[in-house]
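Me: Please take a close look at one strand of the model below and tell me how it sits among its surroundings. I would enjoy one connected account that begins there and works outward.

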Amino acid sequence: MAEGTWYAGDIDRVIVTEEQIRAKTDELAKQVAADHADADSLLLVGVLKGALMFMADFARALGRYGPPVELEFMAVSSYGQGSSSSGVVRILKDLDRDITGRRVIVVEDIVDSGLTLSWLLKYLAGRGAASIEVVTLLRKPDAVRVPLDVRYVGFDIPTEFVVGYGLDYAERYRELSDVAVLKPAVYQR
Ligand SMILES: O=P(O)(O)OC[C@H]1O[C@H](OP(=O)(O)OP(=O)(O)O)[C@H](O)[C@@H]1O
Ligand code: HPA
Ligand SMILES: [Mg+2]
């Protein structure tokens, strides 16, 4: 976290650095490419807004190793202004295209309670994809409340609310380059 950035005073500690994210994204892309070497193409479905940074970097990393990718986005929300899941997932933007017969990889920033992904996988299951797999940059293994099959995981992190690299608290902090824990005072404002 560069000293002097606008939010530097709000950060308690960085838990995943920009450099660690870059190296892990490259590693995940290599793995996904190797596991899908026979695919004509992969359809990446980024889950907005949180996954925007990871989707952009993961797609570029896959571009170095293949196969070709196409990009789609869904926007869903369950956290709203708070720091715990409402459990109610709202679709703010649906897929624009038919995914029948496609090899789909859902790209998430974080699996926390798992409620968003569990809901999303059920939603996508009925749409005729040839396969649906998940890559997530972050996972909180001690917070997951539903059984989930997440094939590719970047980092397992502690059960603390984190921000940065796409992740927000009340829509702020998404633009930070690292993943960090906020000072408790920020939540009491
Ligand atoms: O495993 P869960 O407990 O369901 O949490 C994970 C989800 O929550 C966040 O989205 P959020 O609802 O905050 O929307 P956003 O991506 O627009 O910030 C995050 O981006 C994941 O999609
Ligand atoms: O720790 C988190 N931070 C930000 N958004 C989130 N959505 C689920 N968990 C988190
Ligand atoms: Mg959010």
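Reply: Happy to help: the account below starts with strand β5, then turns to its neighbours, the ligands and the chain as a whole.

First, some housekeeping: this is a predicted model, in which local features need pLDDT of at least 70 and side-chain atom pairs count only at pLDDT 80 or more, while totals for chains, interfaces and linings use all residues. Residues are numbered from 1 along each chain as its sequence is written, and chains are lettered from A and ligands numbered from 1 in the order in which they are written.

The strand in focus is β5, residues 103-111; strands here (E, at least two residues) and helices (H or I, at least four) are DSSP runs, numbered from the N terminus. Eight of the nine residues of β5 are buried, so the strand is mostly covered. Buried means that 20 or more other C-beta atoms lie within 10 Å of the residue's own, exposed means 12 or fewer, and partly exposed is in between, with C-beta atoms placed from the backbone.

β5 has a partner in β2 (residues 42-48), to which it is joined in parallel by four bridges. Two strands count as paired if DSSP finds at least two bridges between them. Within this pairing, L44 stands opposite I105 of β5. Another partner is β6 (residues 131-139), again parallel, with eight bridges linking it to β5. There, V107 has V135 of β6 as its bridge partner. To get from β5 to β6 the chain passes through α3, making a right-handed β-α-β crossover. Right-handed means that, with the strands pointing away from the viewer, the path from the first strand over the helix to the second runs clockwise.

Step outward through β2 and you reach β3 (residues 69-77), which runs parallel to β2 and is joined to it by seven bridges. V45 and E72 of β3 are bridge partners. Here the crossover from β2 to β3 goes through helix α2 (residues 52-65) and is right-handed. β3 in turn pairs with β4 (residues 90-93), this time antiparallel, over three bridges, with K93 of β4 as the bridge partner of A75.

Now to the ligands. β5 gives four residues to the shell around ligand 1, the largest share. α3 (115-125) and β5 are the elements that contribute two or more residues to that shell. The shell has 18 residues, of which G50, Y79, D112, S113 and T116 come nearest; a residue is near a molecule if its C-beta atom, placed from the backbone, lies within 6 Å of it. By type, the shell around ligand 1 divides into six nonpolar, seven polar and five charged residues. In this sorting Ala, Val, Leu, Ile, Met, Phe, Trp, Tyr, Cys and Pro are nonpolar, Asp, Glu, Lys and Arg are charged, and the others, Gly among them, are polar.

Around ligand 2 lie Y79, I110, D112, F161, V162, V163, L167 and D168. Six of the residues in the shell around ligand 2 are nonpolar, two are charged and none is polar.

There is also an open sheet of three strands, ordered β1-β9-β8 with antiparallel pairing. Its edge strands, β1 (11-16) and β8 (162-163), each pair on one side only. Four bridges connect β1 with β9 (residues 179-182), and R13 stands opposite V181 in β9.

One residue ties back to β6: L28, in helix α1 (residues 18-35). L28 counts as buried because it has 20 C-beta neighbours inside 10 Å. Apart from neighbours within four places in sequence, L28 is in contact with F58, V135, Y152 and G154, contact meaning C-beta atoms, placed from the backbone, within 7 Å. V135 is also the β6 bridge partner of V107. By contrast, E171 in the loop between β8 and β9 counts as exposed because it has 9 C-beta neighbours inside 10 Å.

Finally, the whole chain: four helices and nine strands, in the pattern β-α-β-α-β-β-β-α-β-β-β-β-α. Of the 189 residues, 29% count as buried. The radius of gyration, taken over C-alpha atoms, is 16 Å, which agrees with the value near 16 Å for a compact globule of 189 residues; the globule rule is 2.2 Å times the number of residues to the power 0.38. Among contacts with a separation of 6 or more, 68% join residues 24 or more positions apart.

Notes
Contact = placed C-beta atoms within 7 Å.
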